[in-house]
Amino acid sequence: MIGLLRGTLIYKAPPGLMVDVQGVGYELEAPMSTFYQLPNIGTDVLLYTHLVIREDAHALFGFAEEAERGLFRQLIKVNGVGPKLALTILSGQSVSEFHQSIAHGDTQSLVRLPGVGKKTAERLVIELQDKLNASSTTMSVPVQGVVQTSQSNAQQEAVSALCALGYKPADAVKMVQALDSHDKSCEELIRLALKGVVCARK
């Protein structure tokens, strides 16, 4: 099992990234909460990882904090929740916000996330409430570095990332076009778009 990677960040385009570890490039997928903390391309990065092995592929997922990986592992154990949906949940809510939603049985906050219907939200609460309450708080070690990008195609990358998170292409385009994209990175646009969805549904 690959549990941790430390190397040079050589590529990032949500939800995918690549880390060069002594000449070996590891391709990973990560939630937006991790992308917000990634350093610049060419900078050293440390990620906690989880390897998912399927018959047709091996997929490696990366997380800036141990707590994120722990929640990801809890989520994919829930019936009907796969890695992609788990990444969507982690992209739409912080670990603490998700814990609060589960603790209070707040299914309304969960169904705001793309791909999470009423039945899935109820299943998450039922299956995780006791487990999350019983688990101790995990110490988080965030990745050092602040996102600083100036990509001219930030809007296109933001739309692609939102689609990868489960939003329909037309909706993703509208979400990004509604933002003031001047001098904003892809990660900043995604953060604002997701924040707008939450505020609009309250």
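Which residue follows α7, and what is the sign of its phi? It's G166, and its phi is positive, near 115 degrees. Keep in mind that this is a predicted model. Below is a quick tour of two helix pairs, a cluster of aromatic rings, a well-covered helix and a couple of backbone details.

**Helices α7 and α8**

- Let's stay with helix α7, which covers residues 154-164. Its buried residues are A154, E157, A158, V159, A161 and L162.
- A bit of background helps here: an α-helix has 3.6 residues a turn, so residues three or four places apart point the same way.
- The partner to look at is helix α8, residues 169-177. The axes of α7 and α8 come within 9 Å and cross at roughly 135 degrees, which makes α7 oblique to α8.
- As for handedness, the crossing of α7 and α8 is right-handed.
- On the α7 side, the residues that meet α8 are Q155, A158, V159, L162 and C163. On the α8 side, you'll find P169, A172, V173, M175 and V176.
- Sort the residues of this α7 and α8 contact by type and you get nine nonpolar, one polar and no charged.
- A158, V159 and L162 turn up in both stories: they're among the buried residues of α7, and they're also among those that meet α8.

**Helices α2 and α3**

- Now for another packed pair. In general, two packed helices are described by the angle between their axes and the distance between the axes.
- Helix α2 (residues 66-75) packs against helix α3 (residues 83-92) at an angle of about 135 degrees, and their axes are 9 Å apart. That makes α2 oblique to α3.
- The crossing of α2 and α3 is right-handed.
- Who does the touching? From α2 it's E68, L71, F72 and L75, and from α3 it's P83, A86, L87, I89 and L90.
- By type, the residues of this α2 and α3 contact split into eight nonpolar, no polar and one charged.
- Helix α3 is mostly covered, with seven of its ten residues buried. Those buried residues are L85, A86, L87, T88, I89, L90 and S91.
- So which α3 residues are both buried and part of the contact with α2? A86, L87, I89 and L90 are buried, and each of them is in the contact with α2.

**The aromatic cluster**

- F72 of α2 has another role besides its part in the contact with α3: together with F61 and F63, F72 forms one aromatic cluster.
- How many aromatic pairs does the structure hold? There are two.
- A pair of aromatic rings is described by the distance of the centres and the angle of the planes.
- F61 and F72 make a tilted pair, at 5.1 Å centre to centre with 40 degrees between the planes.
- This pair links distant parts of the chain: F61 sits in strand β5 (residues 58-63) and F72 in helix α2, eleven residues apart.
- F63 and F72 also make a tilted pair, at 5.0 Å centre to centre with 50 degrees between the planes.
- Are these rings' residues buried or exposed? F61 is buried at a relative accessible area of 3%, F72 is buried at 0%, and F63 is buried at 0% too.

**L132 in helix α6**

- L132 lies in helix α6, residues 118-134. With a relative accessible area of 8%, L132 counts as buried.
- Setting aside neighbours within four places in sequence, L132 is in contact with L71, Q74, F98, H99 and I102. L71 is a name you've met already, as part of the α2 contact with α3.
- L132 and Q100 are 32 residues apart in sequence, and their C-alpha atoms are 9.9 Å apart in space.

**Backbone details**

- What kind of peptide bond joins P14 and P15? It's a cis peptide bond, with omega at about 5 degrees.
- You can find P15 in the loop between β1 (4-13) and β2 (16-21).
- Q22 isn't a glycine, yet Q22 has a positive phi of about 50 degrees.
- Q22 belongs to the loop between β2 and β3 (24-29). At 83% relative accessibility, Q22 counts as exposed.

How values were computed: Residues are numbered from 1 along each chain as its sequence is written. This is a predicted model: local features need pLDDT of at least 70, side-chain atom pairs count only at pLDDT 80 or more; totals for chains, interfaces and linings use all residues. Side-chain values use heavy atoms; hydrogens and water are left out. Axes are lines fitted to C-alpha atoms, for helices over the stretch in contact, and angles run from 0 to 180 degrees between N-to-C directions. Helices (H or I, at least four residues) and strands (E, at least two) are DSSP runs, numbered from the N terminus. Angles under 35 degrees count as roughly parallel, over 145 as roughly antiparallel, 65 to 115 as roughly perpendicular and the rest as oblique. A crossing is left-handed if the near helix is turned anticlockwise from the far one by less than a right angle, and right-handed if clockwise. Contact means heavy atoms within 4.5 Å. Ala, Val, Leu, Ile, Met, Phe, Trp, Tyr, Cys and Pro count as nonpolar, Asp, Glu, Lys and Arg as charged, and the others, Gly among them, as polar. Rings of Phe, Tyr and Trp (its six-membered ring) pair if their centres lie within 6.5 Å; planes under 30 degrees apart count as stacked, over 60 as edge-to-face and the rest as tilted. Buried means under 20% relative accessible area, exposed over 50%, partly exposed in between (1.4 Å probe, protein chains only).
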